[in-house]
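The exercises below ask you to read a structure with care, one step at a time. Try each task yourself before you turn to the worked solution beneath it.

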Amino acid sequence: MPYDVNGTAVEHDEEGYITNLSEWTKDLAGVIAKAENIDMNEEHWEVVNFLRDYYDEYQIAPAVRVLIKAVSKSMGPEKGNNKYMYELFPYGPAKQACKIAGLPKPTGCV
Amino acid sequence: MAAQDIDIPKLHHPLEIPKLKCGAMADSMPYPASPAHQESVGFPGELLPDWKERALAKMKELGEKNRAFKVYLDACVKCGACTDKCHYFIGTGDPKNMPVARQDLLRSVYRRYFTFAGKYFPSLVGARDLTEEVLNEWYSYYHQCSQCRRCSVYCPFGIDTAEISMAAREIMDVVGKGQKYCNEIIGKVHKIGNNLGLQEKALRATLEGLEEDIEDDNGVSVRIPLDEKGADILLITPSADFFAEPHIEGLIGYAKVFHEAGVSWTVSSYASEAANFGLFIGSYENMQKVALRIRKAAQDLGVKRIIFGECGHAWRVAYSFLNTLAGPWDFLDPKYPVPQHILEFTWGEIQKGTLNIDKSRNDHIRLTYHDSCNVARASGMGDEVGGQFEIPRNVIKAVCNNYFDMAPDTIKEGTLCCGGGGGLLTDELMDLRTKGASPRMKALQDVTEEHGVTHMAAICAICKTQFSKIMPKFGYDMEAILSVHQLVSNALILSGQETEEDAGETAANSDA
C-alpha cells in the first residue's frame, strides 16, 4: 500500500523505500517514520537533514562513519557514536534513516 | 518487523541434528528482481510465456558445457553423508535444506527429461515434471543455500551443491525469474563500478575523510590514494570497506601497512569492487564482465601487481578464476603472485620485521577467528598448502595476545557459513540468516564460556555485515565482529607516531 500523505499516495518498493525520490516531503518523512515506529524529534531530523544534504552532493548515502563524525560535530561526542545512532534508528542509521530521508537503500555487503 | 519474531533454535552443540520440520521454510524467498534489474544484467524482465522450454534448454546446455554439473546430477547415490552438514538444515530443521534433498529439487527434473529411466518410468526413479510449482520451489530453496560448500567436504563423490545452486539460479535468471538483491547489485557494478553505487566524487571524499581520521588519531599522515597512475599496487577491495563498520577499520589497516612497508599503491574508482556476484547467480558472462573491469583498471593505471582486500567470494573468484576470466596478466610484474591477498602481503611484512607491532594494544580483546567459507574451501593463500587457514591465524597471533580457535569441526575446511553468504545478505531473508547462523553462534558461545572470548574476526565483507546484524541476537555487541586488519591497525605503531609511553617520557623530562 502506498504511503498516504494528506490524501496523496506516494509509491514505495517492497521494503518501504520511495520509488520516486523527488516525491519526498517533510510530511512524507513523518508518515514513513510512523510506519517504522519512530517518533521524530529534533535529533532524528538532524540526521535526516544531513543525509539529504549529503545525497544532494554525492548521489549516495554517507558511510556510517561519516554520518557519525557529522553528528559528533553538531550534537556533541556523547551522541556521535554508533550506539546512539542505533538508539535513534533501531534498524540502523544507514538503512532506516535513509528510508525516512527518502534516499535509496544502500546496496551491497552492507 | 518480522526480525523480532524469529524463533532462534537453542542448540546444545554447534552441529546438533535438528528435529525435522517439514515445510518449515517453504515460504522463505527473496524479493524478485524488477524488470529493470533483470535487464541491467542481460536477462528477460519477467517470466517468459515459454519459460519451461527455455529452462530445459538451459539445463541441457549446462549439462553439455559443464561436465561437473552433469556428473553431480548423475553421481549421487543418496548415501546421506551430507544430510546434517548444512547450517541452514541445522538451523531450520526443514528436510529440503538437507543438501541432497535440495539438490534433488533440480535433479528430479533433470532425470525426467534427460535420462532413459526418468523419461519412461518417472515414478520409479523419483523423476518429476517441470511445473510452475517446481519452479517456485527452486526459487525458495536455491535461495536457502549460501554456496558455502561445507556439504561437499563430506560427500564421498565430492558433489558440489554450490554448483547446482548456481546452475538453478542461472536457469531461473534466463527464464525471467531473478532475485532482486544480486541482480540489482551486479547492474550497479556494470554501470558505476561497485556494489554500493558509490561514484568517484563520493569515493574520493570518503577516502580523504579517512586520511584525516588517521592523522587525527595517530599524528602521522597516511595516504589512501585514488586513481594514481604509475602506482605499483592496485588494491581491489569490497566497496563495503568504503562504507560499513567494521569494514572501514580494515581498510585503514591496509593503508597503514602499505605506508609502513613503503610501497606505492592505489584504489581505482573504475574497479572499486572486489565482490563479484556473478558467481552467486552462476552467470559466467556477468562474472567475466565484472572481472574485466579489474583488468582495465590495472592497465589504465599501469600497476605492477594486484592485491585483494578482505572479501571471501572475491578471493575465490580472484584466486581460482581471474586468469580464465580476465587473463593473461603478462603485463604485471612476474615476481608477484597474481593476485595476492592482503594477508599474504601483511604476513610478509611481519616476517621481514618492517612493522612495529605492540600486541598489548589488543589486550582488551579475547579473540576467535571465523574462517570464511569461500576462502577456506575454494581457494588457497601463499605458497603452502593450507595457507588460507594459517596465514590469517599467523597475522592474528602476531598482533593479538589472546587467541582461541573454535571447535575443530567448525573451523578451517569444516567451517560453518556465517549464514548470509552466496547472495542471501538481504533483509527479507533475516529469518533464514538468523537460523543459519545459529551453528556458528553456538560454536562462538562455547569459546566464550570456555575461554572468555569477547570478539570474533573475519576476512569477508559479507561475514562482517552478517555478524554485526546477527551477533546481537545471540548476546554479543554488534561491534564484537572485527576486521583482521582492524586488529593489525590497533597494534601497529606508525613510524614517527608518538606513543603514550613517549608522551609520558616527554612529560617526565620536561618536569625534570
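**Exercise 1. Two unusual peptide bonds**

In which loop of chain B is the place of P328(B)? Please keep in mind throughout that you are looking at a predicted model, and describe the peptide bonds in that loop as well.

Solution. Begin with the position: P328(B) sits in the loop that lies between α14 (312-326) and β4 (340-341) of chain B. Next, look at the bond that leads into this proline, and you will find that G327(B) and P328(B) are joined by a cis peptide bond, with omega at about 0 degrees. Then follow the chain onward to P339(B), which is also found in the loop between α14 and β4 of chain B. V338(B) and P339(B) are likewise joined by a cis peptide bond, for which omega is about -10 degrees. As background for judging such bonds, most peptide bonds are trans.

**Exercise 2. Two lysines with positive phi**

Describe the backbone angle phi of K78(B) and of K412(B), and then decide for each whether the residue is buried, exposed or partly exposed.

Solution. The first step is to recall the general rule, which is that most residues other than glycine have a negative phi. K78(B) has a phi near 60 degrees, a positive value in a residue other than glycine, and K78(B) lies in the loop between α3 (67-75) and α4 (87-92) of chain B. To judge its surroundings you need the cut-off, by which a residue is exposed if 12 or fewer other C-beta atoms lie within 10 Å of its own. K78(B) has 11 C-beta neighbours inside 10 Å and therefore counts as exposed.

Now repeat these steps for K412(B), whose phi is near 50 degrees, again a positive value in a residue other than glycine. K412(B) belongs to the loop between α17 (387-399) and α18 (430-451) of chain B. Because K412(B) has 16 other C-beta atoms within 10 Å, it is partly exposed.

**Exercise 3. A helix and its surroundings**

How many of the residues of helix α19 (residues 461-470) of chain B are buried, and which elements do they pack against?

Solution. Go through the helix residue by residue, and you will find that 10 of the 10 residues are buried, so helix α19 of chain B is largely enclosed by the rest of the structure. Among these buried residues are I462(B), F467(B) and I470(B), but also K464(B) and K469(B). Then turn to the neighbours: the buried residues of α19(B) pack against α12 (247-261), α14, α18, β7 (455-458) and β8 (481-483) of chain B.

**Exercise 4. An open sheet**

What is the order of the strands in the open sheet of four strands in chain B, and which are the edge strands?

Solution. Reading across the sheet, the order is β2-β1-β3-β4 of chain B, and the pairing is parallel. The edge strands are β2 (265-267) and β4 of chain B, since each pairs on one side only. For a detailed view, take strand β1 (residues 233-236) of chain B, which runs parallel to β2(B) and is joined to it by three bridges. In one of these pairings, L235(B) has V267(B) of β2(B) as its bridge partner.

**Exercise 5. The domains of chain B**

Where do the domains of chain B lie, and what does domain 1 of chain B bring to the contact with domain 2 of chain B?

Solution. Start from the bounds, which divide chain B into domain 1 (2-186) and domain 2 (192-404 + 453-493). The contact takes 16 residues from domain 1 of chain B and 13 residues from domain 2 of chain B. On the side of domain 1, the largest share comes from α9(B), with five residues. By class, this side of domain 1 of chain B has nine nonpolar, two polar and five charged residues.

**Exercise 6. Chain A and its partner**

Which elements make up chain A, and how many residues of chain A are in contact with chain B?

Solution. Chain A has five helices and two strands, and from the N terminus on its elements run β-β-α-α-α-α-α. The radius of gyration of chain A is 13 Å, close to the 13 Å that the globule rule gives for 110 residues, so chain A is as compact as a globular protein of that length. Finally, turn to the partner: 16 residues of chain A are in contact with 30 residues of chain B. Helix α3 (residues 64-75) of chain A gives the most to this side of chain A, with three residues.

Technical notes: Residues numbered from 1 in each chain as written. Chains lettered and ligands numbered in written order. Predicted model: local features only at pLDDT ≥ 70, side-chain atom pairs only at ≥ 80, totals over all residues. Contact = placed C-beta atoms within 7 Å. Rg over C-alpha atoms; globule rule 2.2 N^0.38 Å. Domains from an automatic or database assignment. Nonpolar A, V, L, I, M, F, W, Y, C, P; charged D, E, K, R; others polar. Buried ≥ 20, exposed ≤ 12 C-beta atoms within 10 Å, placed from the backbone. Pairing = 2+ DSSP bridges.
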